[in-house]
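Got your viewer open and a coffee at hand? Load the model, and let's walk through it one selection at a time.

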Amino acid sequence: MLLSDEEIEAYEKEVKKLSLDELKKRLNELPEYDSSDEWSLIEDRIDELLKEQAEKLEYDYQNTPHRMSFIIRAFCIILFVAGFLYPFVAGGSMMVVGITSLCSCTLFGIVAIIDKRFKLFSELYYEETHPNDYRTSVIATFLFGVFCFAMCMLM
């Protein structure tokens, strides 16, 4: 059902007062096939709130020192690269590559869990704002380490 301009403005004011949980509940109550103004207003407001929350979390994160997280991430990258270069430089076995890959990916995942924030290149997911993407990325990091380890053990 399409609303008049006055009804849309009144509904938009009402939606702006609702919390994120209330908005999600109300969105679930609307029929999925509904393409009404109500549906789009609620979705837009949810997106706004998630973006505001992510910006606040990133601001808080940037203004809090995380030296240990930075050091561990840098160590993970150095360990990962050094592990892959080791067989070519020193003529060692691929087992070293597998072990360093597994260790660096595991440490990287643990830091993401501690920080409740996953960042790799341009991807940035917070556990609070994008829980599914966050969990998927952390799990993929662990699985990548296991995959590299398994591949190196097969060689």
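Helices and strands here are DSSP runs, numbered from the N terminus: a helix is H or I over at least four residues, and a strand is E over at least two. Colour the cartoon that way and you get six helices and two strands. Along the sequence they come in the pattern α-α-α-α-α-β-β-α.

A word on ground rules before clicking further. This is a predicted model, where local features need pLDDT of at least 70 and side-chain atom pairs count only at pLDDT 80 or more, while totals for chains, interfaces and linings use all residues. Residues are numbered from 1 along each chain as its sequence is written, and side-chain values use heavy atoms, with hydrogens and water left out.

You'll also hear three words a lot: buried is under 20% relative accessible area, exposed is over 50%, and partly exposed is in between (1.4 Å probe, protein chains only). Of the 155 residues in the protein, 32% are buried.

**Stop 1: helix 3**

Select residues 37-62, which is helix 3. Start at Leu-41, which sits in this helix. Leu-41 is buried, at 15% relative accessible area. Now add Glu-12: its C-alpha is 6.7 Å from that of Leu-41, although 29 residues separate the two along the chain.

Next, click Gln-53, also in helix 3. Gln-53 is partly exposed, with 25% relative accessibility. Which C-alpha distance should you check from Gln-53 to Thr-129? You should get 6.9 Å, for residues 76 apart along the chain.

**Stop 2: the salt bridges**

Side chains of opposite charge can pair when their charged atoms come close. The rule used here asks for a side-chain nitrogen of Lys or Arg within 4 Å of a carboxyl oxygen of Asp or Glu. How many salt bridges does that give? The count is three.

Show Lys-56 and Asp-60 as sticks: their side chains form a salt bridge, 2.9 Å from N to O. The two are four residues apart in helix 3, so about one helical turn separates them. Lys-56 is exposed, at 53% relative accessibility, while Asp-60 is partly exposed, at 32%.

Now pick Glu-58 and Arg-117, another salt bridge, with the closest N and O atoms 3.1 Å apart. Glu-58 is in helix 3 and Arg-117 in strand 1 (residues 117-120), so this pair ties together parts that lie 59 residues apart in sequence. Are these two buried or exposed? Glu-58 is buried, at 17% relative accessibility, and Arg-117 is buried too, at 5%.

Then go to Arg-73 and Asp-115, whose side chains meet in a salt bridge at 3.2 Å, N to O. This pair links distant parts of the chain, with Arg-73 in helix 4 and Asp-115 in helix 5, 42 residues apart. Arg-73 is buried, at 13% relative accessibility, and Asp-115 is buried, at 15%.

**Stop 3: helices 4 and 5**

Keep helix 4 (residues 67-90) and helix 5 (residues 94-115) on screen. Two packed helices are described by the angle between their axes and the distance between the axes. Here the angle is about 165° and the axes are 8 Å apart; axes are lines fitted to C-alpha atoms, for helices over the stretch in contact, and angles run from 0 to 180 degrees between N-to-C directions. The two helices are therefore roughly antiparallel, a label for angles over 145 degrees. Helix 4 passes helix 5 in a left-handed crossing, which is the name when the near helix is turned anticlockwise from the far one by less than a right angle.

**Stop 4: Lys-116 and beyond**

Move to Lys-116, in the loop between helix 5 and strand 1. Most residues other than glycine have a negative phi. Lys-116 has a positive phi of about 55°, and it is not a glycine. Lys-116 is partly exposed, at 47% relative accessibility.

Finish on Lys-119 in strand 1, which is partly exposed at 37% relative accessibility. Add Ser-137 to the selection: the C-alpha atoms of Lys-119 and Ser-137 are 9.0 Å apart, for residues 18 apart in sequence.

Key
Angles under 35 degrees count as roughly parallel, over 145 as roughly antiparallel, 65 to 115 as roughly perpendicular and the rest as oblique.
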